[in-house]
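Trainee: Could you take me through one part of this model up close? I'd like to start with whatever sits around the ligand, and then see what else is worth a look.

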Amino acid sequence: MKINTAIHQLMKNDFLRKSVRNVTGNLRNGRLDNIALNPDYEQLRTQGQEIRTRTIEQLDVHLRELVKNFKANGVKVIFAKDAAEVVDQVLHIAKEHDAKSVAKSKSMVSEEVHLNHHLKEHGIEVFETDLGEFIIQLADEPPSHIVMPSLHKSREEIQQLFRDHHNYDLTTDSDELVAFARKILRESFMRADIGITGCNFAVAESGTVVILTNEGNGRFVTTLPRVQISIMGMERIVPTLEELDPLLTLLTTGANGQRSTMYINMINGPKLSEENDGVEDVYVIIVDNGRSKLLGTKFQEALNCIRCGACLNVCPVFSQVGGHAYESPYSGPIGAVISPLILGMEQHGELSYASSLCGACDEACPVKIPLHHFLLDIRELDVQSGKHGRIEALAFRIWAATFSSFGMYKSSQKAAYWGVKLLAMGKDNLSMRLPGLKNWTNTRNFPLFSRRTFLQQYKQSKKTEQKPKPGVKANSDSVRGENL
Ligand code: SF4
């Protein structure tokens, strides 16, 4: 089991686990603090859900309008049906413009198609310019979180990475580290022939690519190089500028509680003939890569995601191990939903079990995606694929039959009580490793079951409550007297 291997490694990394817990806790608190200041937040969520659902329901219509307006603005539009086509198209553009160097702002779709790896293979240098992405690029790691890609790195690790790759000789002071990264990144903007960005939203009515950053790197990437390529998932559309407004608030509130990001770039196309500065050629690559498979299915709503990361920050599973355990560019509850659905059940189906099904993700999602219901549905698909074996299937059939009959359920409670008591041999807990619960009982003793069921205890407590206390008559006049 591949996922388990990754988890075992990560569980041993105490710093990483503490850091993931701290950062997700801060992001979660920031979101809650902002929501507390906005009495209309629930209304806004409903509005966001309605806009996203309506847009995805008419995705073909909005895509047509978007492409028409992109073209009217002078943007070259390319459709890519899968990861290979995205890579081919980017390489083709790079060749056409004789590009040797690329500066990128954060793009999850480019992670999805492993773009950096392919560009490097073709001799094109790539500079990630989001600070978090810059750090993990030096570490040769994928992002650990949609919004905070390097949340698992300590300042000491970052100092070492800067030393190894850029001869950094200063301290672990955050200001010094950031100032150093800034200097390196400034040089990369100047060197780049092509700027590659993601796309938070694409506005259909105006043909506008919208990019949100807190560091301003998106502005450099979309203004200094000669050529710009924006890579967008086909679902990133919003029909009008008016409808963009609530989605921007929901995205930044969901991400970390900010009312707005520092920089909102809205790009309509290349520079006009009368303008001196600006990008000469703008390309937009609209990517399917499995997304259209969800249209018209019960999973269609998963395309409503605005990639804010709120569900990651509240997830008790994500906060234990971080994003690398998911072995997919998309982690946390949304990653456990879309990775199997768009990137493949075979490779990622197991992720649907990386959830306690507590429902915290549904509550946090600013566009109300029913994530934990989807996780259950994906588990069902995973079971239907037949890879779980006959013994597991038999165990669950017995479990279902037992829990469907009150008589059998009661008998199983008695059997469990006596079975564990016998195995405990007079002790008040079971310290042996139990088959099927090996990982759990490795580090914990299994407690004895209570002889009396919850129902029996509840009934008994009710009887005790009703029993009159000695010296006090039921229906007592003294009580009645007090009331008068
Ligand atoms: S599923 Fe919802 S909470 Fe999670 S990233 Fe997407 S929009 Fe944000």
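Mentor: Sure, let's start with the shell around the ligand: its residues split into 11 nonpolar, one polar and one charged. In total, 13 residues surround the ligand, and the closest are C305, C308, G309, C311 and C365. Keep in mind while you look that this is a predicted model.

Now move along the chain to helix α19, which covers residues 389-404 and holds W399. Together with F396 and F403, W399 makes a nonpolar surface patch of about 370 Å². How exposed is W399 itself? Its relative accessible area is 48%, and because exposed means over 50%, W399 counts as partly exposed.

Next, step back to the domains. The domain assignment of the protein chain gives domain 1, residues 59-294, and domain 2, residues 406-466. Taken over C-alpha atoms, the centres of domain 1 and domain 2 are 55 Å apart.

Let's finish with R64, which you'll find in helix α4, a stretch running over residues 59-72. R64 has a relative accessible area of 57%, so this residue is exposed, the cut-off being over 50%. Try finding A204 as well: R64 and A204 are 140 residues apart along the chain, yet their C-alpha atoms are separated by 8.4 Å. So for R64 you have two things to check on screen: a relative accessible area that makes it exposed, and a C-alpha atom 8.4 Å from that of A204.

Definitions and conventions. Residues are numbered from 1 along each chain as its sequence is written. This is a predicted model: local features need pLDDT of at least 70, side-chain atom pairs count only at pLDDT 80 or more; totals for chains, interfaces and linings use all residues. Side-chain values use heavy atoms; hydrogens and water are left out. A residue is near a molecule or strand if one of its heavy atoms lies within 4 Å of it. Ala, Val, Leu, Ile, Met, Phe, Trp, Tyr, Cys and Pro count as nonpolar, Asp, Glu, Lys and Arg as charged, and the others, Gly among them, as polar. Domain bounds come from an automatic or database domain assignment. Helices (H or I, at least four residues) and strands (E, at least two) are DSSP runs, numbered from the N terminus. Buried means under 20% relative accessible area, exposed over 50%, partly exposed in between (1.4 Å probe, protein chains only). Patches are made of residues with over 30% relative accessible area and no salt bridge: like charges are joined within 9 Å, nonpolar side chains (Val, Leu, Ile, Met, Phe, Trp, Tyr) within 5 Å. Accessible areas come from the Shrake-Rupley method with a 1.4 Å probe; for residues, only the protein chains shown count as cover. A salt bridge is a side-chain nitrogen of Lys or Arg within 4 Å of a carboxyl oxygen of Asp or Glu.
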